[in-house]
Number of protein chains: 2
Amino acid sequence: MSAQTRFELYYWPSIQGRGEFVRLAFEDAGVRYLDVARLPRAKGGGEAAILKVLRGKPSARLPFAPPILKVGRLLIAQTANILQYLAPRLGLIGDTEAERFFAQQLQLTIADCVAEVHDTHHPVASSLRYQDQRREARRRSAHFITERMPKFLSYFEHLLGQPKKGRRHLVGSAFSYVDLSMYQLLSGLAYAFPRAFGRQATSIPGLLALRDAVANRPRIAAYLNSPRRIPFNEDGIFRHYPELDHGA
Amino acid sequence: MSAQTRFELYYWPSIQGRGEFVRLAFEDAGVRYLDVARLPRAKGGGEAAILKVLRGKPSARLPFAPPILKVGRLLIAQTANILQYLAPRLGLIGDTEAERFFAQQLQLTIADCVAEVHDTHHPVASSLRYQDQRREARRRSAHFITERMPKFLSYFEHLLGQPKKGRRHLVGSAFSYVDLSMYQLLSGLAYAFPRAFGRQATSIPGLLALRDAVANRPRIAAYLNSPRRIPFNEDGIFRHYPELDHGA
């Protein structure tokens, strides 16, 4: 990576959403990036900047949806794909092939969980408001909380091994982009479902230790306290609707 | 890839599902693979073979769910990740980095569409039967058919460019694993939603030509006519429930 490499991120400017997984990687690496849509419209920002990229010429390598990373003339979309491109360049993954494929498997499993979280509040259609699919959302959330969230979390906890002699990182012996994404997933679940997530807490000591360790990394701690970190809100993927935060 | 490389696929033996994207890659390449769970139980097959892999030792690189590829001691899960590993080894992707990241972006976009197709018949929970979420399925399917399917298909069609002078492959100038996966997606949509897909047909000439070209590749044509190709059925991801195949 040359010192002049210019990284541009295109993502919705008012939510963490899937773009946050990319933001965390840049922030932890201490590498400058331009969060284009968060610039004022007069400076080429706003949602118009994203739409301009999505409406390129036919036969170009167009993305389907943000987040989109632009590096020179290269456009890369799909969160896990962007992270796979960035991780070796930002020092966020080891060198072996086995490690890299395992990291990507975990990243894609996190992405699956994130998609399921989205559908807890939008089980019918993204184009409808939450209020217009509330009944279905209650039903889907109940299953997510009692079946899916525990299944995902116990899988990830299992990877960390036994408490006390367990591992501190999800991939290999070193910190990686997957640990950053796990921080984001755990934080999002705790925001959206504080009661249900709280009930899980005693069974995931390794994951909670990992989450706290990430939050205390100096650059991440500084980022979380900065205005660059958009607060969780009810336009994003992780939404707190108390009526969805029930148990069985 | 050495001549002795032994590829083992672990996937549910009675459905196409996500495993089919991997099967198509092996079949098109003419490379032998062992579809482990389709062996008789007495020979180490059946669903028990999959569960054995999923219940390995803690701290190992365990997968969350099938499909799983085993190559020697390496386990790789997540469909797109498996294909990314296999594609260069099977001659199903070009050499440039730009091509590879774009291919993977498309593969992940196909995966997103496949997940949405699954949720047309299971919008509440995978653990419930279709019959127990039929009302929600009707509502979700109506949105999928009128909003999401056209959005995905028009995006992919757009990549192929103008009719007549358009491109024949989704990535670069050569055939790739993404074309195989697109064949599977289009075939699945046509099976699940014959009426809705039929209404789309005139707007996606490039994709339909691509689908037919893939079906006519000699090894794929032989595979589709063999008992190795499991028929579409109502246990898989693409299910034909006539009551979900409506328009707006």
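**Two chains about one axis**

Good morning. Of the residues of chain B, Pro123(B) comes closest to the rotation axis, with its C-alpha at 3.1 Å. This is a predicted model, in which local features need pLDDT of at least 70, side-chain atom pairs count only at pLDDT 80 or more, and totals for chains, interfaces and linings use all residues. Residues are numbered from 1 along each chain as its sequence is written, while chains are lettered from A and ligands numbered from 1 in the order in which they are written.

Let me turn to the axis. Chain B is superposed on chain A by a rotation of 180° with 0.0 Å of shift along the axis, at an RMSD of 0.0 Å (a least-squares fit on the C-alpha atoms of residues with pLDDT of at least 70 in both copies). That is the relation of a two-fold axis.

Next, the interface. The contact (C-beta atoms, placed from the backbone, within 7 Å) takes 37 residues from chain A and 37 residues from chain B. On the side of chain B that touches chain A, H4(B) gives the most, with 9 residues; helices here are DSSP runs of H or I of at least four residues, strands are runs of E of at least two, and both are numbered from the N terminus. Because 100% of the interface residues of chain B are also interface residues in chain A, the copies meet through the same surface.

Finally, a hairpin. Strand S3 (residues 68-71) of chain B runs antiparallel to S4(B), joined by 4 bridges; strands pair if DSSP finds at least two bridges between them. Lys70(B) has Leu75(B) in S4(B) as its bridge partner. The hairpin has 2 residues between the strands, and Gly72(B) takes a positive phi near 60° there.

Definitions and conventions:
Two residues are in contact if their C-beta atoms, placed from the backbone, lie within 7 Å.
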